[in-house]
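Biologist: I'd like to learn how to read a structure like this one. Could you walk me through it, one feature at a time?

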Amino acid sequence: MSVISPEWLEALSVLTATGLAGVALRGQWGDATARRKSADAMIGAEAYVVRRTLRSWILAAEHLRAMQGTPPRLALAEQDKTVEDRLQRAITAAPHASRPIAAAIREAYVLYFRATAKPHVENLADLQAKPRATLDAEYAAALADMRACVTRLTDAIVPELREK
């Protein structure tokens, strides 16, 4: 009859504990992967809807510019509560998302608010007194930020919906 030595029992228990720890870590890794995919999907869905809205704003602003010949700064500066809410939900999920998706939505968030920031104007006379070149520059900067925002939103959308 053979007797198992204490060293063998200790080695066997360490091996068993290591195996169980590996199983537990694999489960945690799987949970983290599922959370990350879920966050990516939620951000992508919000980004998709916001991108569609912003594209229509850009088109409307360009149309107004072509029709009126004046920079439609106010058309780009009108913030929409629904868009802001969607961006807020997406940015809240960013810490749980994959790095590229999180970076894209964070940049889009900043670009959106920079594009829609209204210049400080005390009254209508001050606005009317602004030189045309200043208004054109403000419009161009806002439009560039809005387009960059749309690009970053596209980067936050799952590949299957990016081209739609």
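Biologist: Let me start with a single residue: is Asp155 buried, partly exposed or exposed?

Modeller: Bear in mind that this is a predicted model. Residues under 20% relative accessible area count as buried and those over 50% as exposed. Asp155 has a relative accessible area of 31%, so it is partly exposed.

Biologist: Which side chain does Asp155 meet in a salt bridge?

Modeller: The general idea is that side chains of opposite charge can pair when their charged atoms come close. Here the partner is Arg152, at 2.5 Å from N to O. Both residues belong to helix H6, three residues apart, or about one turn of the helix. Arg152 counts as buried, because its relative accessibility is 18%.

Biologist: How many salt bridges are there by this rule?

Modeller: The count is seven. Glu46, Arg86 and Arg89 are joined into one network by salt bridges that share partners.

Biologist: Which parts of the chain does the salt bridge between Arg147 and Glu62 tie together?

Modeller: Those two side chains meet at 1.9 Å, N to O. Arg147 lies in helix H6 and Glu62 in helix H1, so the pair ties together parts 85 residues apart in sequence. Arg147 is partly exposed at 40% relative accessibility, and Glu62 is partly exposed at 30%.

Another pair is Arg114 and Asp145, whose closest N and O atoms are 2.9 Å apart. This pair links helix H4 to helix H6 across 31 residues. Arg114 is partly exposed, with 48% relative accessible area, whereas Asp145 counts as buried at 13%.

Biologist: Now the interior. Which residues touch the most other members of the largest nonpolar core?

Modeller: In soluble globular proteins, nonpolar side chains tend to be buried together. In this model the largest nonpolar core has 32 residues, and Ile43, Leu54, Leu87, Ile105, Tyr112, Cys149 and Leu153 touch the most other members. Helices H1, H3, H4 and H6 each give two or more residues, and H1 gives the most, with nine.

Biologist: What is Ile105 in contact with, leaving aside its neighbours within four places in sequence?

Modeller: Its contacts include Ile43, Leu87, Ile91 and Leu153. Ile105 is in helix H4 and counts as buried, at 1% relative accessibility.

Biologist: And at the surface, which residues form a nonpolar patch?

Modeller: Ile4, Trp8 and Leu9 do, with about 380 Å² of accessible area together. Leu9 sits in helix H1 and is partly exposed, at 48% relative accessible area.

How values were computed. Residues numbered from 1 in each chain as written. Predicted model: local features only at pLDDT ≥ 70, side-chain atom pairs only at ≥ 80, totals over all residues. Heavy atoms only, no water. Patch = residues over 30% accessible without salt bridge, like charges linked within 9 Å, V, L, I, M, F, W, Y side chains within 5 Å. Areas by Shrake-Rupley, 256 points an atom, 1.4 Å probe, with all protein chains shown as cover. Salt bridge = Lys/Arg side-chain N within 4 Å of Asp/Glu carboxyl O. Helix = DSSP H or I, 4+ residues; strand = E, 2+ residues; numbered from the N terminus. Buried < 20%, exposed > 50% of the residue type's maximum accessible area, 1.4 Å probe, protein only. Core = buried A, V, L, I, M, F, W, Y, C linked by side-chain atoms within 4.5 Å. Contact = heavy atoms within 4.5 Å.
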